[in-house]
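Here are a few short exercises to work through. Have a go at each one before you read its solution.

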Amino acid sequence: MKAKVHVTLKNGVLDPQGKAVQHSLAGLGFAGVNDVRQGKFIELDLDETDAAKARATVEAMCEKLLANTVIENYSVDIAEG
Amino acid sequence: MPTNMKAAVIVFPGSNCDRDMKVALEAVTGTDVIMHWHRDADLPDVDLIAVPGGFSYGDYLRAGAMAANSPVMRTVVERANKGVPVLGVCNGFQVLTEAGLLPGALMRNAGLKFVCRDVWLKVENTETPFTRDYAKDQVVRIPVAHHDGNYFADDETLNRLEGEGRVAFRYCDPAGAANDDANPNGSRHNIAGIVNEAGNVLGMMPHPERLADAALGGTDGKPMFDGLVAALH
């Protein structure tokens, strides 16, 4: 079973890297980009076969290590199969 | 003059200011500093624990995140909670926030560049074992060398830190004014260093150990180590 984790900066936390990407895109002629927020994507391959248990475990991983909840939010997708 | 003050420097893979810290400490304590590899068994009883600068675990995931979850840090947290002074410099500050000993987080510098130069700091709190040999509002010159030194905490946390006088050092201009121009990394409230509630844990991005000997071009970092010896000897 695979888990996909997105870690993003919380709203209200300035994202200087996202801002730099936004400026570069504008410089390349891509108009109309109102905002860019940069984050992380983490994919985990798990032994667990129970989706609910897998989600609970991955959320614990996020709280403990994968995200810094002072500045970051996370979301977990469990892919069946 | 030799003292009986015992200090340990925690060494992680990727630490690179650990020897500077050892040299600065030994210069004032006159006693060998324990270099404690993060995987070594029990951390000896010491009077001071230093978490040095560097790039522990290559800054993987987030600066300090891996080191903060290493077994030795569980011991450091226990000791800190018992009142043992803990000094975290640069990557050490990042490790202490990730370990939950200090509030907030160190983010990518607002200017996105690695900043390596001397900065001016205003000493805001002299009631800690780390800062007792400085004068209140003294302006000192200390180097920074970091890519992730942009201190962030939410408004509530900042208000608490300010209200409790827990900002130890603030980036300022040579006259002591903490303004945007003097802020090298975008830190909220120009915060360069903070202490925990009990005052026995200090985290700071600038490197006092790099200017603690006249041969290195300055001694503005030395009062921190002199103060620690006076407080702990």
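**Exercise 1.** How many helices and strands does the secondary structure of chain B come to?

*Solution.* Keep in mind that this is a predicted model. Going along chain B, you should end up with six helices and eleven strands.

**Exercise 2.** Find out whether the radius of gyration of chain B agrees with that of a compact globule.

*Solution.* Start with the chain length: for 233 residues, a compact globule would come out near 17 Å. Chain B has 16 Å, so the two agree. Next, look at the extents: the C-alpha trace spans about 45 × 40 × 30 Å along its principal axes. Then check burial, where 54% of the 233 residues in chain B are buried. Last, take the contacts in chain B between residues at least 6 apart in sequence: 74% of these join residues at least 24 apart.

**Exercise 3.** Place B:Arg39 and decide: buried or exposed?

*Solution.* First locate B:Arg39, which sits in the loop between β2 (34–37) and β3 (48–51) of chain B. Now count its neighbours: there are 11 C-beta atoms inside 10 Å, and a residue with 12 or fewer is exposed. So B:Arg39 counts as exposed. For a distance check, B:Val76 is 37 residues from B:Arg39 in sequence, and their C-alpha atoms are 13 Å apart in space.

**Exercise 4.** Describe the side of chain B that touches chain A.

*Solution.* Begin with the contacts: eleven residues of chain B meet nine residues of chain A. Then sort the chain B side by class, which gives six nonpolar, two polar and three charged residues.

Definitions and conventions:
Residues are numbered from 1 along each chain as its sequence is written. Chains are lettered from A and ligands numbered from 1 in the order in which they are written. This is a predicted model: local features need pLDDT of at least 70, side-chain atom pairs count only at pLDDT 80 or more; totals for chains, interfaces and linings use all residues. Two residues are in contact if their C-beta atoms, placed from the backbone, lie within 7 Å. Ala, Val, Leu, Ile, Met, Phe, Trp, Tyr, Cys and Pro count as nonpolar, Asp, Glu, Lys and Arg as charged, and the others, Gly among them, as polar. Helices (H or I, at least four residues) and strands (E, at least two) are DSSP runs, numbered from the N terminus. The radius of gyration is taken over C-alpha atoms; the globule rule is 2.2 Å times the number of residues to the power 0.38. A residue is buried if 20 or more other C-beta atoms lie within 10 Å of its own, exposed if 12 or fewer, and partly exposed in between; C-beta atoms are placed from the backbone.
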